[in-house]
Amino acid sequence: ALLGRGVARYRVDRAADALADLALAARLAGELGDRARWARAHLELATAHDWLGRYDDSARACEAAARLPPDARDAAFERALAMARGRTAVRAGLYAEARPALEAALELEGDDPDDDRLIAQLLLGPTLVQLGELLAAEQNFAAALAEAERLGDGLARCAALGNRVLL
């Protein structure tokens, strides 16, 4: 329940409140030996820290989640981890490192919501611009806009349009 409430809180711009829920969820999952839930809580902590502009804390939470053994990961976790690693690299200005992680997040299949895929698209466009891949960036921006419209996500649409100005 804490994990879900933490996610809901940062999505309604209560990231500071979410941190307490997510940290407690991670601690309890660790005490119970639930490695997958512990790692998922750390991925969500990474997002909450990112939303607060705490990029170093976000990077640490992302790498903590990455300690989940590969045999305990599902496709949704792999996609979320790839997106988080890509986001971490973007925040650090490491665009060449960000690109393969973000592209992996777009390619991985999973039963998870489309959030991680859309976020990866929103981050990949500016990454491609920074790498001088303007045609690929333009195509990515178009795909991100189409996906945002398909999902009815007005905020993501605004983000894609705002990022597209970099072209």
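Contact means that heavy atoms lie within 4.5 Å of each other. The legends below describe close-up views of a predicted model.

**View 1. Helices H3 and H5 pack against each other.**
Two packed helices are described by the angle between their axes and the distance between the axes. Helix H3 (residues 35-51) and helix H5 (residues 75-91) meet at an angle of about 30 degrees, and their axes are 11 Å apart. H3 is therefore roughly parallel to H5, since angles under 35 degrees count as roughly parallel. The crossing of H3 and H5 is left-handed. On the H3 side, the contacts come from Ala39, Arg40, Leu43, Ala46, Thr47 and Asp50. On the H5 side, they come from Ala76, Phe77, Ala80, Leu81, Ala84, Arg87 and Arg91.

**View 2. A salt bridge joins helix H7 to helix H1.**
Side chains of opposite charge can pair when their charged atoms come close. The structure holds 16 salt bridges. One is formed by Asp115 and Arg11, whose closest N and O atoms are 2.8 Å apart. Asp115 lies in helix H7 and Arg11 in helix H1, so this pair ties together parts that are 104 residues apart in sequence. Asp115 is partly exposed, with a relative accessible area of 28%. Arg11 is also partly exposed, at 47%.

**View 3. Helix H7 is mostly covered.**
Of the 16 residues in H7, 13 are buried. The helix runs over residues 115-130. At 1.5 Å a residue, H7 should span 22 Å, and its end C-alpha atoms are 23 Å apart, so the two values agree. Just after H7, Gly132 takes a positive phi of about 80 degrees.

**View 4. Asp57 and Arg60 form a salt bridge within helix H4.**
The closest N and O atoms of Asp57 and Arg60 are 2.4 Å apart. Both residues belong to helix H4 (residues 55-65), where they are three residues apart, about one turn of the helix. Asp57 has a relative accessible area of 28% and is therefore partly exposed. Arg60 reaches 53% relative accessibility and so counts as exposed, the cut-off for that class being over 50%.

**View 5. Glu103 and Arg99 form a salt bridge within helix H6.**
The closest N and O atoms of Glu103 and Arg99 are 2.9 Å apart. Because Glu103 and Arg99 are four residues apart in helix H6 (residues 95-107), about one helical turn separates them. Glu103 is partly exposed, with a relative accessible area of 26%. Arg99 likewise counts as partly exposed, at 25% relative accessibility.

**View 6. Three charged residues are linked in a network of salt bridges.**
The members of this network are Arg5, Arg9 and Asp21.

**View 7. Asp13 has a positive phi in the loop between helices H1 and H2.**
Most residues other than glycine have a negative phi. In Asp13, a residue other than glycine, phi is near 65 degrees, a positive value. Asp13 is found in the loop that lies between helix H1 (2-11) and helix H2 (15-32). With a relative accessibility of 70%, Asp13 counts as exposed.

Methods:
Residues are numbered from 1 along each chain as its sequence is written. Side-chain values use heavy atoms; hydrogens and water are left out. Helices (H or I, at least four residues) and strands (E, at least two) are DSSP runs, numbered from the N terminus. Buried means under 20% relative accessible area, exposed over 50%, partly exposed in between (1.4 Å probe, protein chains only). The expected span of a helix is 1.5 Å times one less than its number of residues. A salt bridge is a side-chain nitrogen of Lys or Arg within 4 Å of a carboxyl oxygen of Asp or Glu. Axes are lines fitted to C-alpha atoms, for helices over the stretch in contact, and angles run from 0 to 180 degrees between N-to-C directions. Angles under 35 degrees count as roughly parallel, over 145 as roughly antiparallel, 65 to 115 as roughly perpendicular and the rest as oblique. A crossing is left-handed if the near helix is turned anticlockwise from the far one by less than a right angle, and right-handed if clockwise.
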